[in-house]
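User: Could you walk me through this model with a few questions and answers? I would like to see the reasoning behind each one.

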Amino acid sequence: MTTNGFLSELATEEWGFVGGMCSAMHALETVIAEIAPTNIPILFAGESGTGKAMFAQRVHRLSSRSDQPLVNVVCAAMNPAQLSSELGLGASASGNVHTADGTPGTVIFDEITELDPACQRSLLYALPDGDGNLRRGTLGARTISTTSRNLDDEMRAGRFRAELYYRLNGVCLRLPPLRDRREDIPILVEFFLSKHAAQLGRPRPSLSPRTLRMLLDHSWPGNIRELENVVKKIVALGDEQLAVAELTAAPAPPVSEVRERRGYSLKAAARAASREAERELILKVLGHTRWNRKRAAQELQISYKSLLYKLKQIGVQDSEAD
């Protein structure tokens, strides 16, 4: 599937954001497609803002239970009675997670490490023990959990029950932070520009190479959520410079580099200006082609390998996504 085809498929699903085009995200999509139809418990781990909840919902939509209830349990807000009620574990054995005929759906435990010890004990008792026999009060729904904490550390500190971890962690899928997949930033920006322009009823802006460079250079501690908020602000304000003003500024060049620049000859300055113009043109064409490198190479009238080499020169990570 082409980059644009993949983007269109994800965008039309309206599940909140685009998964991304780097090899790690392609691999994640492949694994999700394989395990979604099964009943195996899944644990999504990753920093806040990496999209764990969105991927959890995607698993449900791709599963055989997609037409059955999906219940999102905010673990930080639960006590044992609320948890039992939410999951339908009372005497009636029915609740939000079941259909009218009692068929179980899917439960997403949002930030599972936020469950207090009493809730952890209740949930452990409610989960199947793996022998295939469902006793009375057992949760028959498919479980998907998310965490932004290191569960190994939580178990060593005694804050999370090891036996509960092993019941919930049939497969652990780790979402990389945005700073480790910067090549996805341009395509995510394009998606969010279109999304929020439509939602806010505003013209869809086109970003300047300078702004795109700032977005590529930012460390994104808030990950995709932070990026989406910045892009939404760009659309709402209609002023990209104002919207990105709070982003961390790029570090100043070393003193030795500044001194070297002061000693540039006219010829060297011309070469530097030419490289800067080339960089801006490459980024502009990549933005126009939605970061499709092969199409960009054609528009720039250079070979694909030459474009990859130039991308390395300007500090953009290579990817074979397209």
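**Confidence and overall make-up**

Analyst: Happy to! This is a predicted model, with a mean pLDDT of 79 for the protein and 74% of its residues at 70 or more.

User: Which element of the protein has the highest mean pLDDT, and which the lowest?

Analyst: The elements can be ranked by mean pLDDT. At the bottom is helix H1 (residues 3–13), with a mean of 42. At the top, with a mean of 96, is strand E1.

User: How many contacts beyond four places in sequence does the model have for residues 249–263?

Analyst: Here pLDDT stays under 50. Where pLDDT is low, the predicted coordinates should not be read in detail. Residues 91–95 also stay under 50, and the model has five contacts beyond four places in sequence for them. For residues 249–263 the number is two.

User: What does the secondary structure come to, and what share of the residues counts as buried?

Analyst: The secondary structure comes to 15 helices and five strands. Contacts between residues 24 or more positions apart make up 72% of those with a separation of 6 or more. Of the 322 residues, the share that counts as buried is 43%.

**The sheet**

User: In what order do the strands of the open sheet lie, and which strands stand at its edges?

Analyst: The five strands pair in parallel, in the order E2-E3-E4-E1-E5. Two of the strands have a single partner each, so one side of each is left without a neighbour in the sheet. Neighbouring strands are turned by 20° against each other on average, direction ignored. The edge strands are E2 (70–74) and E5.

User: Which residue of E1 stands opposite Ile144 in E4?

Analyst: Strand E1 (residues 42–45) runs parallel to E4, and four bridges join them. Along this pairing Leu43 stands opposite Ser145, and Phe44 opposite Thr146. On the other side of the question, E3 (residues 106–110) also pairs with E4 in the parallel sense over four bridges, with Ile108 opposite Ile144. In E1, the residue opposite Ile144 is Ile42.

User: What is the bridge partner of Phe44 in E5?

Analyst: E1 pairs with strand E5 (residues 171–174) in the parallel sense, over four bridges. Phe44 also stands opposite Thr146 in E4. In E5, its bridge partner is Leu173.

User: How many of the residues of E4 are buried?

Analyst: In a regular strand the side chains alternate between the two faces of the sheet. In E4 (residues 142–147), Arg142, Ile144 and Thr146 point one way, Thr143, Ser145 and Thr147 the other way, and all are buried. E1 likewise has Ile42 and Phe44 pointing one way and Leu43 and Ala45 the other, all buried. For E4, the count of buried residues is six of six.

**Helix packing**

User: At what angle do the axes of H2 and H3 cross?

Analyst: The axes of H2 (residues 23–35) and H3 (residues 52–62) come within 10 Å and cross at an angle of roughly 40°. Met25, Leu28, Glu29 and Ile32 of H2 meet Phe55, Arg58, Val59 and Leu62 of H3. By class, this contact has six nonpolar, two charged and no polar residues. So to the angle asked for: roughly 40°.User: What angle does the direction of H3 make with that of E4?

Analyst: Beyond E4, Phe44 of E1 also has Leu173 in E5 as its bridge partner, and the sheet has a helix on it as well: H3 packs there, touching E1, E2, E3 and E4. Its direction makes an angle with that of E4 of about 165°.

**Individual residues**

User: Is Gln120 buried or exposed?

Analyst: Gln120 is found in helix H5 (residues 117–126). Leaving aside neighbours within four places in sequence, Gln120 is in contact with Leu115, Arg159, Phe160, Arg161 and Leu164. Because its relative accessibility is 2%, Gln120 counts as buried.

User: How many disulfides does the protein have?

Analyst: A disulfide is a covalent bond between the sulfur atoms of two cysteines, and the cut-off here is 2.5 Å. The closest cysteine sulfur to that of Cys75 is in Cys119, 8.2 Å away, which is too far for a bond. Cys75 counts as buried at 1% relative accessibility, whereas Cys172 is partly exposed at 27%. The count of disulfides is zero.

User: Where is Gly158, and is Gly158 buried or exposed?

Analyst: Gly158 lies in the loop between helix H6 (151–156) and helix H7 (162–168). Its C-alpha is 9.7 Å from that of Pro117, and the two are 41 residues apart in sequence. With a relative accessible area of 63%, Gly158 is exposed.

Methods. Residues are numbered from 1 along each chain as its sequence is written. This is a predicted model: local features need pLDDT of at least 70, side-chain atom pairs count only at pLDDT 80 or more; totals for chains, interfaces and linings use all residues. Side-chain values use heavy atoms; hydrogens and water are left out. Axes are lines fitted to C-alpha atoms, for helices over the stretch in contact, and angles run from 0 to 180 degrees between N-to-C directions. Contact means heavy atoms within 4.5 Å. Ala, Val, Leu, Ile, Met, Phe, Trp, Tyr, Cys and Pro count as nonpolar, Asp, Glu, Lys and Arg as charged, and the others, Gly among them, as polar. Buried means under 20% relative accessible area, exposed over 50%, partly exposed in between (1.4 Å probe, protein chains only). Two strands pair if DSSP finds at least two bridges between them. pLDDT is the predictor's confidence in each residue, from 0 to 100.
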